[in-house]
Amino acid sequence: MVTTLSADRLAELQDEGAEFTLVDTRPEDSYEAWHAPGAINFPFGLDEALDGRLSEFEETVGDAERVITICAKGLSSGNFATELESATDEYDVQTVDGGMKGWSGVYDHVDLGAELEFGLDERELTIVQLQRRAKGCLGYLVGCAETGEAVVVDPTADVDEFEVAAEEADLSIVGVIDTHVHADHVSGGRDLADSLDVPYYLGAQADERDVAFDFTGLERNEVLPVGERELKALAAPGHTSEMINLLVDDAALLTADTLHVDSTGRTELEFNQDEGEEGARMLYETLHRTILAEPESIVVLPGHVTVTPEGEFEHGAPGDPIATTVRDARTGIDLLAMDEEAFVERMADAGEEPSNYEEIIDRNRGELDLAPEDRVELELGPNNCSA
C-alpha cells in the first residue's frame with residue numbers, strides 16, 4: 001500500500017537534502033506555470049493505467065530509488081503511485097497528501113530579532129516573518145517582549161500559523177492589520193481578529209474601496225502603540241489606493257507590496273486601464289517621497305518574495321530573512337533609478353496577473369462569500385505581485 005506524507009514533511013526532506021525524486025503528475029502547462037522545487041513532470045490522469053508507460057517513466061526518472069508523487073490535490077498522483085507500486089518493486093513510492101493544495105500551506109517562521117540588527121535591543125522588539133513557501137506571501141508578528149503584546153500584519157487565511165508564532169514568542173495578539181485589500185491571496189485578517197475579539201485595522205482610505213465590513217481605520221502618520229513599541233502608519237498609495245506601510249520604532253519598515261527586496265509592487269490590479277497611469281504615478285511618488293526618504297539604515301520587510309516557476313524563492317531561501325535596507329534598495333533596484341515617465345511606462349507592462357485576482361479582491365472586500373475549502377483552489381498558481 002502506498003504511504004502518504006504531509007507537505008510539511010516534504011519540505012523537511014528538501015531542507016535535509018534527502019535523496020528522492022519528486023514527480024508531478026499534473027498536465028504540462030500547470031507544471032510549467034508553478035511547481036514544487038526539484039519536481040519533474042510526468043503527466044498522468046486520475047483514471048489512467050500505467051500499462052505501456054513504465055519504460056517511459058523509467059527513462060524520465062533515471063536511477064531514482066525513492067519516488068514521491070504530487071499533483072494538484074493528491075488524486076492523480078495517488079493513482080499514479082498506486083499504479084507504479086503495482087507495476088514494479090524497483091521504487092520506494094510515496095505520495096504527498098493534498099498535493100499542491102497541501103504544499104500551499106507550508107510555512108517557515110523566522111525570528112528576525114535574532115537574525116537582523118534593528119539598531120535596538122532585540123529582546124524588546126520582536127518581529128517574526130511568516131513565509132509561505134509556495135506563494136511567497138510574507139506576514140508578520142510584531143511585538144513587545146516587555147509587555148507581551150503583539151499585532152499581526154498581513155495574515156493569510158492560515159491563521160493558525162500566526163497564533164502558533166505568537167505562542168512560540170510568548171506574545172498575545174492584541175490587534176490585526178491588513179496593509180491593503182490583497183489581490184493575490186485570501187486574507188485571514190478579519191477571521192483572526194474576530195476569533196480573538198481584537199481590533200481589525202486597515203488604512204483609513206479603505207472606505208473608498210467599498211469595503212463591506214467594519215474596520216478601524218489608520219490615518220496617515222497615526223501611531224499605534226503595541227506595548228512599548230510603536231507602529232506608525234505611512235500612507236503609501238500606488239499598488240492600491242488605500243495602501244499603508246508600517247514603520248516600527250524607526251528601525252524596520254513593513255512595505256507590503258509597495259517595495260519588495262528586488263522590485264516594486266505592480267499598480268494595475270485595482271486601477272482599470274484608463275487609471276493605470278494614475279496608480280503608477282502614485283507609486284512613484286510613494287517610493288521617492290516616502291520610502292526612500294527614510295534613513296538608509298532602516299530595514300525593509302516586504303509583503304512578498306517572488307517564487308519562480310521552479311518553486312524557488314527568487315531572493316534568499318525559505319527560513320532565511322527576506323529583507324533589505326533603504327540603502328540597498330536605492331542602489332540595487334533598477335526601477336528606483338528610473339525617472340517618473342520611464343517608471344510609468346514600465347508599470348504599464350507589469351507581466352502576468354495573479355490567478356483569480358478579481359474574485360480574491362471581492363472576497364477581501366467582503367463582497368464575496370468563500371467557503372474555507374474553496375479558498376486554496378482560488379489561490380493555486382504562482383504569485384505575481386511584483387512588477
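**Reading a sheet and a helix**

Modeller: In this predicted model, helix 4 (residues 76-87) lies across strand 2 (21-24), strand 4 and strand 5, and runs at about 150 degrees to strand 4.

Biologist: In what order do the five strands form the open sheet, and is the pairing parallel or antiparallel?

Modeller: In general, strands of a sheet pair through backbone hydrogen bonds, either parallel or antiparallel. Here the order is 1-5-4-2-3, and the pairing is parallel. Strand 1 (3-5) and strand 3 (40-41) stand at the edges; each has a single partner strand, so one side of each is left without a neighbour in the sheet.

Biologist: How many bridges join strand 4 to strand 5?

Modeller: Strand 4 (residues 66-70) and strand 5 (residues 92-96) run parallel and are joined by four bridges. Within this pair, T69 stands opposite T95 of strand 5.

Biologist: Let us turn to helix 7. Which of its residues are buried, and how should that pattern be read?

Modeller: An α-helix has 3.6 residues a turn, so residues three or four places apart point the same way. In helix 7 (residues 159-168), the buried residues are V159, E161, F162, A165 and A166. They lie on the same side of helix 7 because they cover an arc of only 155 degrees around the axis. On the other side, E167 and E168 are exposed.

Biologist: What covers the buried residues of helix 7?

Modeller: The cover includes strand 6 (107-111), strand 7 (125-132), strand 8 (138-144), strand 9 (149-153), strand 10 (172-177) and helix 8 (189-196).

Biologist: Which residue with a positive phi follows helix 7?

Modeller: Helix 7 is followed by D170, with a phi near 60 degrees.

Conventions. Residues numbered from 1 in each chain as written. Predicted model: local features only at pLDDT ≥ 70, side-chain atom pairs only at ≥ 80, totals over all residues. Heavy atoms only, no water. Pairing = 2+ DSSP bridges. Helix = DSSP H or I, 4+ residues; strand = E, 2+ residues; numbered from the N terminus. Contact = heavy atoms within 4.5 Å. Axes fitted to C-alpha atoms, helices over the stretch in contact; angles between N-to-C directions. Buried < 20%, exposed > 50% of the residue type's maximum accessible area, 1.4 Å probe, protein only. Arc of directions from axis to C-beta.
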